[in-house]
Amino acid sequence: MTEQDTFTKVDRDAFTHEHLLGIETLSAEEINIILDLADYYADRLDDRAFKPNILQDQIVLTLFFEDSTRTRTSFEMAAKRLGADVVNIDLRTSSLSKGESLTDTIHTLHSMLRPDAIVVRHSEYGAPSFISSLVNCPVINAGDSWHEHPTQALLDALTMRRQFGDIEGKKVAICGDISHSRVAASNMILLSKLGAEVHIVAPPVLMPEKLPEGCATEQIKKFDNIEAGIKDCDVVMMLRNQMERMQAGLIKSEREFFEEYGLTKERLALAKDDAIVMHPGPMNRGVEIADDVADDPKHSMILEQVRNGVPTRMAVMDILMKENT
Ligand code: NCD
């Protein structure tokens, strides 16, 4: 497919889901539909004159029940680049704290704003799916508890694809707090579906017993030693320890964690020469990643991931909101 043709030739009708609640229910073909379109938007991101306006007169509502900087801003930017109006509601300090139920809050906002899509982040597993049952517009999961964070996995895949051309056969190490990370879960599902060899690296207390639903399990290998896990990998993806979801005392100290599992220059040298380093952010320097690795201009793709968040979310909104355009 030439660059020129991508926008019109992407078969939006082959994407059959009304919502984006996770990667679990997507086929490899559907993932590639999103990535092809995201790639098209990524090529044009720096062109301020590129204003497709396909979501003109539409309203995107972002509902964040949990902290977020980059994800919420990235969704807002993506919606605006497509011409939509955006209403951001921070529900950490809302009527919910006055005892209103989630159902009443959603019904109230839906009735007031008549949104054409809702982006939700929530600390409860499955909240976006529950909300999708209450409304008549697409719902996009921006992270629910340790369950899924589908647009993060999609933007990570876009970053890998733009770097290497293809994901199939690539060796990707995902390292750190695997058991509490929705980023790890969505990435394990997506990367294994697209045929990558996925190494999950964690201390035994942070390694899940069961892999997330939807993984191609034969593509995933577990390691409790970071040196063995990242050896010869094309991608080394580091994760933040999710202290907000972790039982107290699981990790001895940050210093010891860094000594055993932190990504240092010496450890990175075990991966392929052209390996890339990724992190969804926010990073804890000196805990899971050394400063000089995070800032390494040759290997670190961390800011490129942030950049790729915008075209990825443009593609997701374009595809899900196609009925209305
Ligand atoms: C992640 C999240 O919120 O799950 N951050 C993000 O969306 N970029 C990862 C994290 O908080 O560690």
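These legends walk through a few close-up views of a predicted model. Because it is a predicted model, local features need pLDDT of at least 70 and side-chain atom pairs count only at pLDDT 80 or more, while totals for chains, interfaces and linings use all residues. Residues are numbered from 1 along each chain as its sequence is written, and side-chain values use heavy atoms, with hydrogens and water left out.

**View 1. Who surrounds the ligand?**
The neighbours include Arg70, Thr71, Arg121, His149, Arg182 and Pro280; a residue is near if one of its heavy atoms lies within 4 Å of the molecule. Sorted by class, this shell has three nonpolar, five polar and four charged residues (Ala, Val, Leu, Ile, Met, Phe, Trp, Tyr, Cys and Pro are nonpolar; Asp, Glu, Lys and Arg are charged; the others, Gly among them, are polar). Domain 1 (3-149 + 307-322) and domain 2 (151-302) each give at least three residues to the shell, with bounds from an automatic or database domain assignment.

**View 2. Polar contacts hold a few short distances.**
Here a polar contact is a pair of N or O atoms within 3.5 Å. One ligand oxygen is 2.8 Å from an N or O atom in the Arg240 side chain, and a ligand oxygen is also 2.8 Å from one in the side chain of Gln242. A ligand nitrogen lies 2.9 Å from a polar backbone atom of Gly281. On its own the ligand exposes 310 Å², and the protein buries 94% of that (Shrake-Rupley method, 1.4 Å probe).

**View 3. A cis peptide bond joins Gly281 and Pro282.**
Omega at this bond is about -5°.

**View 4. Asn53 has a positive phi.**
Its phi is about 50°, although Asn53 is not a glycine.

Note on methods:
Polar contact = N/O pair within 3.5 Å; in protein donor to acceptor, adjacent residues only side chain to side chain.
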